[in-house]
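This briefing covers a predicted model. The points below are grouped by topic.

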2 protein chains.
Amino acid sequence: MNQDLLFFCTICREKSLEEIEKIRCVIDHTVKTYKRGELIASQGDRISSLYMLTKGKVKTEIISKSGLTVSVEEITAPYPLAAAFIFADNNHFPVEVTAMEDCEVILISKSSIEKQMAKCPGFLRGFMAFIANRVQFLSERLKIFSQKGIKAKIAYYILQHDKNGSFELGRSIASLAEYFGVERPSLSRAISEMAHDGIIEFEAGKGKILKYNDLKELLG
Amino acid sequence: MNQDLLFFCTICREKSLEEIEKIRCVIDHTVKTYKRGELIASQGDRISSLYMLTKGKVKTEIISKSGLTVSVEEITAPYPLAAAFIFADNNHFPVEVTAMEDCEVILISKSSIEKQMAKCPGFLRGFMAFIANRVQFLSERLKIFSQKGIKAKIAYYILQHDKNGSFELGRSIASLAEYFGVERPSLSRAISEMAHDGIIEFEAGKGKILKYNDLKELLG
DNA sequence: TACAAATCGTAACATTCGTTACGGATGTGA
DNA sequence: TCACATCCGTAACGAATGTTACGATTTGTA
């Protein structure tokens, strides 16, 4: 029951407990448990249900046709597994999902979800918001990644955080480097060079833009 | 009318003309036209309607608080503008949208879309599929981009296309380089080096994997 | 205070990648 | 056959980035 709440908080995102409880009573679902090491879903399996991980931790791996596994990521409950894929044209698991600890998964069939969406606007909005937020997140990361060169990434990031000539990174240099997918010393050096060239000022997480045109020219 | 069909083919994706016509009669929508150079949506504008571009071409730009514009991309009809954003928590236009040619845009309010989804399963599935496919596409691109170094990207790509020890790129070296976000000579050199190291064989778009373990070690 | 941990700047060196240029192979139409 | 375009491999060089190591500063904590 407690875990059910977590589930609905994530997907349905109705904050009212009564509202959640109402939905909980109506929606069809199956609960499955998996032991540590057990296979939850195989790569290529058709996804006909929403897999909601409510307890435990899983790892996902890509398995080539020759059996070589490539680790992709770890997912900790509560989180939906491949939520967007149920409705995609290619509705197959892109990865192998294995339990790293004892896990609990709630399964809701696609048709149940569609019925629930038609009945409950809150569920519809919550589900849509979840996927829409994911699109936003991925789009933003991809824009950063597609900037060629560290300085271009910095310029893009700064222009997004520009508030009338000043900006704040809003995070540490180390985490920003990770966000950019570059090494911390490289990022630090690039910022220093931009400051040395008089394009920006920077100190302690805050800075000012001095030469807008030079900053713009750094972009692709 | 013809353009309306294009719209519904993209979003609703029902192939049957009768089905499309049925939906077309029911759903509320407004048609707006814009002259070349006119502003369609401002960065930061609240998105309360689906913007479906049915005619023309637009460009999107990021505008910093200091007025500097950064070109992002061009979109040609028929295509929805920021379809995923209506349902996102941050439902604002992330970019400035300007008409590059004379354009026609169909507007459908969020509430109309929700009603239509509740009524018409085909519309629901079509809309969900559109966004879900976008998540898949973005996820895949991000996985490639987040592989550090060209050889890691190649290794990842090859393992995804592994068919019992053989693989086909399925596209030209030049387009693969663009897909990876690297220069063509760099990609060509990296492949040559991997072949020279005996990790793979490669010729004319096809190849074989010789050392699986070395290939795997190239990944992050 | 004293100590440990986290964060950051910096430097030197190695590696990777972009840039540019050239030539070969292939296909196509005049 | 010739001219032309496209795709590709290769090489040489320079620029950008990764790697590693060190020290300074700050922060939290006993």
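In chain B, strand 2 (residues 39-41) and strand 7 (residues 96-99) pair in the antiparallel sense, with 2 bridges between them. The model is a predicted one. The notes begin with the strands of chain B, go on to a sheet of chain A, and then take up the chain contact and the two DNA strands.

**Strand 7 of chain B and its partners**

- In the pairing of strand 2 with strand 7 of chain B, B:Ala41 stands opposite B:Val97.
- Strand 7 of chain B also pairs with strand 4 (residues 57-63) of chain B, in the antiparallel sense and over 4 bridges.
- B:Glu61 has B:Glu96, in strand 7 of chain B, as its bridge partner.

**Strands 9, 10 and 11 of chain B**

- Strand 11 of chain B pairs in the antiparallel sense with strand 9 (residues 166-168) of chain B over 3 bridges, and B:Phe167 is placed opposite B:Gly207 of strand 11.
- Strand 10 (residues 200-203) of chain B is likewise an antiparallel partner of strand 11 of chain B, over 4 bridges; here B:Glu201 stands opposite B:Lys208.
- Strand 10 and strand 11 of chain B form a hairpin with 2 residues between the strands, and in this hairpin B:Ala204 takes a positive phi near 55 degrees.
- In a regular strand, side chains alternate between the two faces of the sheet.
- Strand 11 (residues 206-209) of chain B shows such an alternation: B:Gly207 and B:Ile209 point to one face and are buried, whereas B:Lys206 and B:Lys208 point to the other and are not.
- B:Gly207, opposite B:Phe167, thus belongs to the buried face of strand 11, while B:Lys208, opposite B:Glu201, points to the other face.

**A four-stranded sheet in chain A**

- Chain A has an open sheet of 4 strands in the order 1-8-3-6, with antiparallel pairing.
- Strand 1 (30-34) and strand 6 (79-81) of chain A are the edge strands, each pairing on one side only.
- On average, neighbouring strands of this sheet are turned by 30 degrees against each other, direction ignored.
- Within the sheet, strand 3 (residues 49-55) and strand 8 (residues 103-109) of chain A pair in the antiparallel sense over 6 bridges, and the bridge partner of A:Leu50 in strand 8 is A:Ile108.
- Helix 3 of chain A packs on the sheet and touches strand 3 and strand 8 of chain A; the direction of the helix makes about 65 degrees with that of strand 8.

**Contact between chains A and B**

- In the contact between the chains, 42 residues of chain A meet 43 residues of chain B.
- On the side of chain A that touches chain B, helix 3 (110-119), helix 4 and helix 8 (212-217) of chain A each supply at least two residues.
- Helix 4 of chain A gives the largest share of that side, 16 residues.
- The side of chain A that touches chain B consists of 22 nonpolar, 10 polar and 10 charged residues.

**Helix 4 against helix 4**

- Two packed helices are described by the angle between their axes and the distance between the axes.
- Helix 4 (residues 121-145) of chain A and helix 4 (residues 121-145) of chain B have axes that come within 9 Å and cross at roughly 30 degrees.
- The crossing of helix 4 of chain A with helix 4 of chain B is left-handed.
- Residues making this contact include A:Ile131, A:Val135, A:Leu138, A:Leu142 and A:Phe145 of helix 4 of chain A, and B:Ile131, B:Val135, B:Leu138, B:Leu142 and B:Phe145 of helix 4 of chain B.
- Also among them are A:Arg134 and A:Arg141 of chain A, and B:Arg134 and B:Arg141 of chain B.
- By class, the residues of this helix contact are 12 nonpolar, 2 polar and 4 charged.

**Surface near DNA strand C**

- DNA strand C is surrounded by 15 residues, and the closest are A:Ser172, A:Pro185, A:Ser192, B:Gly149 and B:Ser186.
- Helix 6 (173-180) and helix 7 of chain A, and helix 5 (150-160) and helix 7 of chain B, each supply at least two residues of this surface.
- Helix 7 of chain A gives the most, with 4 residues.
- The surface near DNA strand C has 7 nonpolar, 5 polar and 3 charged residues.

**Surface near DNA strand D**

- DNA strand D is also surrounded by 15 residues, with A:Gly149, A:Ser186, B:Ser172, B:Pro185 and B:Ser192 the closest.
- At least two residues of this surface come from each of helix 5 (150-160) and helix 7 (184-196) of chain A, and helix 6 (173-180) and helix 7 (184-196) of chain B.
- The largest share, 4 residues, comes from helix 7 of chain B.
- The residues near DNA strand D divide into 7 nonpolar, 5 polar and 3 charged.

Terms used
Residues numbered from 1 in each chain as written. Chains lettered and ligands numbered in written order. Predicted model: local features only at pLDDT ≥ 70, side-chain atom pairs only at ≥ 80, totals over all residues. Near = placed C-beta within 6 Å. Nonpolar A, V, L, I, M, F, W, Y, C, P; charged D, E, K, R; others polar. Buried ≥ 20, exposed ≤ 12 C-beta atoms within 10 Å, placed from the backbone. Pairing = 2+ DSSP bridges. Axes fitted to C-alpha atoms, helices over the stretch in contact; angles between N-to-C directions. Left-handed = near helix turned anticlockwise from the far one by under 90°. Contact = placed C-beta atoms within 7 Å.
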